[in-house]
Amino acid sequence: MKISIGNDHAGPEYKKAIVKMLEAKGYEVTNYGTDSFDSVDYPDFGHPVATDVETGKADFGIVICGSGNGIAMTVNKHAGVRAGLCWTKEIAYLTRLHNDANIVSIPARYTSIEQAVEIVDTFLNTAFEGGRHQNRVNKIACS
């Protein structure tokens with residue numbers, strides 16, 4: 001499975017821990033994130049992740065910024081992207097199960113690194129339930 005990841009200055013340590021876990025599980029990871037704590041603009045790191053998911057270059061995406069909101073707003077501008085802001089593994093589970101999210105957004109300033117790794121692991125190991133949720137998911141995109 002191919003995963004693209006991007007982060008701003010709030011997430012270098014989170015990204016490192018997540019990439020380590022992903023690679024240990026055999027995932028192919030494309031890294032668009034910064035390794036610096038110097039201030040950067042999260043859209044510069046979110047758009048490449050969303051483009052990968054949008055075009056099928058990646059199966060899923062992971063984005064990280066301070067609150068998780070700005071980068072989630074950024075990636076959700078892309079057609080076919082459904083990013084969920086997840087601050088617990090339970091929300092990650094539901095955003096996949098009910099919303100068929102294909103990008104998880106992590107708020108680095110509101111989760112620990114250990115929580116973030118759990119969130120990603122849960123997100124990637126939860127299948128979309130379909131059924132009654134499919135009709136709702138079909139209505140998300142603007143036409």
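Me: What makes strand β4 (residues 83-85) and β5 a pair?

Reply: β4 and β5 are joined in the parallel sense over three bridges; pairing requires at least two DSSP bridges, so the criterion is met. In β5, Ile103 is the bridge partner of Ala83. Strands are DSSP runs of E with at least two residues, and helices runs of H or I with at least four, numbered from the N terminus.

The model is predicted: local features need pLDDT of at least 70 and side-chain atom pairs pLDDT 80 or more, while totals for chains, interfaces and linings use all residues. Residues are numbered from 1 along each chain as its sequence is written, and side-chain values use heavy atoms, without hydrogens and water.

Me: How do you know that β3 and β5 are paired?

Reply: Five bridges join these parallel strands, and Ser105 of β5 is the bridge partner of Val63.

Me: Why is β5 described as mostly covered?

Reply: Five of its five residues are buried, that is, under 20% relative accessible area with a 1.4 Å probe and protein chains only (over 50% is exposed, in between partly exposed). Ile103, Ser105 and Pro107 point one way, Val104 and Ile106 the other.

Me: Why is the pair of Phe60 and Phe123 called edge-to-face?

Reply: Ring centres must lie within 6.5 Å, and planes under 30 degrees apart count as stacked, over 60 as edge-to-face and the rest as tilted; the rings are those of Phe, Tyr and Trp (six-membered ring). Here the centres are 5.8 Å apart and the planes at 80°, so the name applies. A search of the whole structure finds one aromatic pair. Phe60 belongs to strand β3 and Phe123 to helix α5, so the contact ties together parts 63 residues apart in sequence. Both Phe60 and Phe123 are buried.

Me: What makes the charged end of Arg96 sit "over" the ring of Phe123?

Reply: The charged end of Arg96 is 5.8 Å from the ring centre and counts as over the ring; the definition asks for NZ of Lys or CZ of Arg within 6 Å of the centre and within 35 degrees of the ring normal.

Me: How do you know whether Thr126 is buried or exposed?

Reply: Its relative accessible area is 8%, so Thr126 is buried. Thr126 is placed in the loop between α5 (113-124) and α6 (132-138). Beyond neighbours within four places in sequence, Thr126 is in contact (heavy atoms within 4.5 Å) with Tyr93, Arg96 and Leu97.
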